[in-house]
Amino acid sequence: MSTMQKSETGPGGSPPVAKPEARGPGILTNIAWTVVPYVASVVLAFFLGGLLIQLMGYNAVDALRAVLTSSFDTSFGMVETLHKWVPIVLCAYAFAIPLATGKFNIGAEGQMLLGATGGAAVGITFSDLPMVVLLPATLVAGVLAGALWAGIAALLLVRFRVNEILSTVLLNFVSFKLIDWVATRVWPDAGAGHPATTPVGDGARLPLLGSAPAMHSGVLLVLALAIFIAVAMRFTPTGFEMRAVGDNLRASMVNGVRTSRLAGAGLVIGGGLGGLAGAIDVAGVHGRMLEGMQSNFLILGIIVGLMARGSMLALPVVAFGIAVLEYGAGTMQLVSAVPVEMVLVIEALILLLLLLSDLVRDRLRSAR
Amino acid sequence: MSEFLVLVVPMWVVFTLAAQGTILSGRTGVFNVTQEGVMALGASVGFLVSYKMGSNLVGLLIAFLVGALVGLVLAYMTTQLRLDQFVVGLALFFATTGAAGLLYRQVIGVTMTPPRVDTLPKFEIPLLGDLPLIGDALFVQDYVFYFAVILSLVMFWFLQHTSAGLDFRSVGENPKAADSLGINVTWARTWSTVVGTGLVAVGGAYIPLPFTGIYTDGMIAGRGWLVIALAFLGGWRPLYVVAGAAFFAAMDVLGQKAQVLGLGIPHQFIEMLPFVATLLVMVFALRWARQPAHLGMNYDRESRLVG
């Protein structure tokens with residue numbers, strides 16, 4: 001039985017945790033009903049992708065092996081994958097947290113770029129300060145800038161009921177122009193050969209861990225944040241209210257939850273996390289704000305957010321899987337000459353098949 | 001001024017074609033968000049076919065068919081399988097964006113100088129073409145422009161003055177009531193989405209044809225999302241969309257020409273205009289812009305909930 005508005009297969013759908021009232025089948029059976037279709041979708045998507053690669057005249061086995069294994073072949077690959085994982089997982093939160101309240105934030109790349117600009121602004125202006133002060137200030141500035149940018153969409157939504165999908169998307173394009181101005185007029189680095197700001201001070205750089213292929217400490221920061229978010233969404237009143245609003249807007253309203261304020265708050269929190277992604281990339285990877293640093297993290301964040309099916313626990317894991325694919329895409333293009341866009345097509349296929357698998361599962365379950 | 005209008009009109013065609021396609025499916029309640037990707041795919045496919053076959057018209061037609069195919073997938077997954085329209089739309093947006101770049105890379109590869117196709121020839125309407133100011137812009141145009149004008153009129157006539165159009169609109173307003181009167185909801189939604197998405201693809205395919213004749217990745221540059229905004233602002237009405245498209249096209253050209261205008265403000269702030277202006281207009285749009293009551297909602301005839 002699906003409702004008119006959003007069926008159970010919807011984006012904020014039931015978390016893949018066994019519901020307490022489902023006494024009949026055991027927890028294990030329930031997990032199996034979640035995991036098996038999920039794995040089947042992923043495998044089928046890769047099979048179809050491989051078929052497409054073969055039809056295009058490349059060697060599918062070599063190409064897919066490059067996509068799947070190159071992250072694990074070298075420690076350099078692993079570090080690069082983790083560096084990609086950080087913005088992907090943060091952009092996925094930027095999408096998934098507003099989604100928990102039933103709102104779509106398609107503006108993670110704008111929020112990320114604004115966060116990068118905020119972080120770079122602090123890191124450049126106060127470049128002489130010691131690290132204990134400057135590094136936290138850089139990251140906080142990034143969070144605030146991202147939150148502020150999403151705050152515009154939140155304000156338009158709560159005060160003027162402007163559709164948040166459109167406002168967040170349109171703000172992305174405004175942000176592209178804004179950072180172009182910052183990178184070419186405000187703090188331009190003429191020697192960079194590409195629109196970019198001058199480097200931030202040494203105190204604004206995240207400390208590196210390990211030797212040779214060194215990993216920046218932002219990875220650990222985000223790992224801690226991921227645990228915090230999973231706990232907060234599960235066990236705090238605000239987290240409960242957010243999930244309640246997403247599951248049943250009317251029931252929450254009747255029970256006195258301030259739904260529109262909560263939706264606005266979800267967008268602002270999401271924007272803050274998107275901003276943090278930008279600030280960490282400035283402080284950890286690039287050392288400056290540069291054009292194009294948002295890469296395709298918006299799309300990847302949405303894919304991860306949708307693939308996690310509303311589970312904040314599953315989200316970082318799914319994000320790691322996508323980071324592996326994204327790092328492998330580059331290797332695939334080098335090894336077998338398959339264009340990198342192929343990986344985006346496979347990711348979209350996983351998403352579509354995942355949606356379809358819900359239908360198949362429901363049908364099989366009710367047929368038993 | 002006349003030169004400015006000559007630049008605006010082709011952009012008007014792009015916005016009009018894509019937005020008419022969007023509102024056609026919107027009136028039956030299917031909220032299409034694949035524009036940004038479908039326009040890119042249309043541009044890529046249209047370009048490649050024109051390049052290989054040497055005919056722009058064939059390119060535009062194949063682009064329409066490819067767009068229609070995406071529309072069919074969207075319609076099937078939302079009407080028959082009742083999957084969330086927005087989520088399916090996003091997934092198709094990703095897939096089509098990837099496919100657009102993939103196809104171009106597969107067929108053309110990486111080249112030093114991008115290949116070009118012929119731009120469209122322009123036809124002059126006698127006498128009217130000599131009018132000052134608007135003559136060049138409105139009456140010396142390629143056939144796609146005249147097609148867009150006729151399409152807009154046909155859409156208006158179809159939706160407002162035919163019984164099939166009334167059926168379409170009733171499906172978007174209240175599918176349950178429409179269903180009870182014997183109107184086939186699935187049928188209406190499928191057709192409108194197939195044709196509508198095809199038109200969106202043609203809008204994308206037209207972008208390289210008036211001036212440059214080359215395809216580049218990212219050439220849609222947010223216009224697909226602006227098209228959705230245009231549909232909202234036009235209240236999902238064909239003739240309002242025609243007027244709105246002129247505004248969007250003017251903003252677009254202003255943004256493109258920002259660097260050579262030299263107005264004393266950094267050109268980036270003028271390039272923001274299309275997006276900022278759209279956001280501002282949307283704040284006030286609430287007063288006039290209404291939308292189909294069941295836009296974005298799937299219909300399940302077995303559901304007991306009353307829409």
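Q: In which loop of chain A is the place of Ser127(A)?
A: In this predicted model, Ser127(A) has a relative accessibility of 29% and counts as partly exposed. Its C-alpha atom is 37 Å from that of Leu313(A), a residue 186 positions away in sequence. The place of Ser127(A) is in the loop between helix H4 (108–125) and H5 of chain A.

Q: Is Arg161(A) buried or exposed?
A: Arg161(A) is in the loop between helix H5 (131–160) and helix H6 (164–186) of chain A. Most residues other than glycine have a negative phi. Arg161(A), although not a glycine, has a positive phi of about 55°. The cut-off for the exposed class is over 50% relative accessible area; because Arg161(A) has 62% relative accessibility, the residue counts as exposed.

Q: What is the phi of Ser295(A), and where is this residue found?
A: With a relative accessible area of 43%, Ser295(A) is partly exposed. Ser295(A) is not a glycine, yet its phi is positive, near 45°. The residue is found in the loop between helix H10 (259–286) and H11 of chain A.

Q: How many residues of helix H11 (residues 297–307) of chain A are buried?
A: The buried residues of H11(A) include Phe297(A), Leu300(A), Gly301(A), Val304(A) and Met307(A). The helix is followed by Arg309(A), which has a positive phi near 50°. H11(A) is mostly covered, the number of buried residues being 11 of 11.

Q: Which residues are linked with Arg309(A) in a network of salt bridges?
A: Side chains of opposite charge can pair when their charged atoms come close. Such pairing links Arg309(A) into a network of salt bridges, and its partners there are Asp358(A), Arg361(A) and Asp362(A).

Q: Which residue forms a salt bridge with Arg65(A)?
A: The partner lies three residues from Arg65(A) in helix H2 (residues 60–73) of chain A, so the two are separated by about one helical turn. The closest N and O atoms of the pair are 3.9 Å apart. The partner is partly exposed, with a relative accessible area of 33%. The residue in question is Asp62(A).

Q: Which residue of chain A meets Glu271(B) in a salt bridge?
A: The N to O distance in this salt bridge is 3.7 Å. Glu271(B) lies in helix H13 (residues 267–271) of chain B and its partner in helix H6 of chain A, so the pair joins two chains. Glu271(B) is buried at 12% relative accessible area, whereas the partner is partly exposed at 24%. That partner is Lys177(A).

Q: How many residues apart are Arg223(B) and Asp252(B)?
A: The side chains of Arg223(B) and Asp252(B) meet in a salt bridge, 2.6 Å from N to O. Both residues are buried. Arg223(B) lies in helix H10 (residues 223–233) and Asp252(B) in helix H11 of chain B, and the pair links distant parts of the chain, 29 residues apart.

Q: Which helices of chain B does the aromatic pair of Phe15(B) and Phe248(B) link?
A: The two rings form a tilted pair, 5.7 Å centre to centre with 55° between the planes. Both residues are buried. Phe15(B) and Phe248(B) are 233 residues apart, and their pair links helix H1 (residues 2–27) with helix H11 (residues 238–256) of chain B.

Q: Which helix gives the most to the nonpolar patch of chain B?
A: The patch includes Val149(B), Trp157(B), Tyr240(B) and Trp288(B), and its residues together have about 910 Å² of accessible area. Tyr240(B) lies in helix H11 of chain B, and at 46% relative accessibility this residue counts as partly exposed. Helix H6 (143–161) and H11 each supply at least two residues. With five residues, the helix that gives the most is H6(B).

Q: What is the radius of gyration of chain B?
A: Chain B has 14 helices and two strands. The globule rule gives 19 Å for its 307 residues, and the chain's value is close to this, so chain B is as compact as a globular protein of that length. Of these residues, 58% count as buried. The radius of gyration is 20 Å.

Key:
Residues are numbered from 1 along each chain as its sequence is written. Chains are lettered from A and ligands numbered from 1 in the order in which they are written. This is a predicted model: local features need pLDDT of at least 70, side-chain atom pairs count only at pLDDT 80 or more; totals for chains, interfaces and linings use all residues. Side-chain values use heavy atoms; hydrogens and water are left out. Rings of Phe, Tyr and Trp (its six-membered ring) pair if their centres lie within 6.5 Å; planes under 30 degrees apart count as stacked, over 60 as edge-to-face and the rest as tilted. Helices (H or I, at least four residues) and strands (E, at least two) are DSSP runs, numbered from the N terminus. Buried means under 20% relative accessible area, exposed over 50%, partly exposed in between (1.4 Å probe, protein chains only). Patches are made of residues with over 30% relative accessible area and no salt bridge: like charges are joined within 9 Å, nonpolar side chains (Val, Leu, Ile, Met, Phe, Trp, Tyr) within 5 Å. Accessible areas come from the Shrake-Rupley method with a 1.4 Å probe; for residues, only the protein chains shown count as cover. A salt bridge is a side-chain nitrogen of Lys or Arg within 4 Å of a carboxyl oxygen of Asp or Glu. The radius of gyration is taken over C-alpha atoms; the globule rule is 2.2 Å times the number of residues to the power 0.38.
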